Amino acid sequence: MRLAAEWKTRGDDCGRLARAVILSSPSSTEPLTAQWCNDAFWRVNPGGNATVPSLYLLDFARRNYKVICADLSGNLERYSLELMQEAKAVLLVCTPEVPSLHLAREKMAFLRSIDVKDRVSVVLNRVHKKPLFTPKQVEELLGVPVVQVFANDYHGVNRAVTTGT
C-alpha cells in the first residue's frame with residue numbers, strides 16, 4: 001500500500017497505475033514480464049500516451065529489481081524512446097542481411113538524433129557460417145560495436161524448445 005500512497009500524491013494517472021500494479025503485480029519471486037507491464041500500461045492508459053505512466057512504472061521497477069530488461073518492439077513508440085533514454089545500455093538486434101541492416105542503419109540515425117547512440121550496441125542474430133556481412137563490417141556500417149553473435153542454428157533451437165532446456 002506504500003506504493004499507492006506514494007503515487008496517489010503524483011496525480012490521477014499515477015494513482016490509477018499504482019492501483020493496477022497493486023491489484024495485479026506478480027509475486028516477489030517472479031520477474032515483471034513484458035506482458036504484465038504491457039497489460040498494466042494499457043489498463044491505465046488506453047490512449048497510448050506513455051509520458052507519465054511508463055516513467056513511473058520504470059521507477060517502480062528500479063526500486064524493486066536489480067536489473068531491468070525491456071524487450072521492445074522496435075517500432076520506436078513514445079514509451080520505447082523514453083525507456084531507451086533512461087537505459088544504461090540499448091541492444092539493437094539485427095541479422096547480417098541487407099534489409100535488416102538497412103533498417104538498423106535508419107534506426108541508428110534516429111537514435112543518434114535523440115542522443116542515445118553512445119549506449120547502443122548490436123546483437124547479430126541468425127548468423128550463417130559464411131555471412132554476407134561479417135561482424136566487423138556491421139560495426140563499420142552502423143558505427144557501434146557488435147557485442148554478441150548468435151549462429152543460425154535452427155535444429156539446436158528446435159531441440160532446446162522441444163526438450164525444455
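Val147 is partly exposed in this predicted model, with a relative accessible area of 47%. That value earns the description because partly exposed covers the range between under 20%, which counts as buried, and over 50%, which counts as exposed. In terms of secondary structure, Val147 belongs to strand 3, which spans residues 146-151.

The surroundings of Val147 can be followed along two lines, one through contacts and one through the backbone. Once its neighbours within four places in sequence are set aside, Val147 is in contact with Leu91, Ser121, Val122 and Val123. As for the backbone, Pro135 stands twelve residues away from Val147 along the chain, and the C-alpha atoms of the two are separated by 9.2 Å.

Leu91, which is among the contacts of Val147, also appears with this residue on the surface, where Leu91, Val93 and Val147 form a nonpolar patch. Together the three residues of this patch have about 280 Å² of accessible area.

How far the model can be read in detail depends on the region under inspection. Over the chain, pLDDT averages 76, and 68% of the residues score at least 70. Confidence is highest in helix 7, residues 135-142, at a mean of 98, whereas the lowest value falls in helix 1, residues 2-8, at a mean of 35. Over residues 1-29 the pLDDT stays under 50, although the model has 44 contacts beyond four places in sequence for this stretch. Where pLDDT is low, predicted coordinates should not be read in detail.

Key. Residues are numbered from 1 along each chain as its sequence is written. This is a predicted model: local features need pLDDT of at least 70, side-chain atom pairs count only at pLDDT 80 or more; totals for chains, interfaces and linings use all residues. Side-chain values use heavy atoms; hydrogens and water are left out. Patches are made of residues with over 30% relative accessible area and no salt bridge: like charges are joined within 9 Å, nonpolar side chains (Val, Leu, Ile, Met, Phe, Trp, Tyr) within 5 Å. Accessible areas come from the Shrake-Rupley method with a 1.4 Å probe; for residues, only the protein chains shown count as cover. A salt bridge is a side-chain nitrogen of Lys or Arg within 4 Å of a carboxyl oxygen of Asp or Glu. Helices (H or I, at least four residues) and strands (E, at least two) are DSSP runs, numbered from the N terminus. Buried means under 20% relative accessible area, exposed over 50%, partly exposed in between (1.4 Å probe, protein chains only). Contact means heavy atoms within 4.5 Å. pLDDT is the predictor's confidence in each residue, from 0 to 100.
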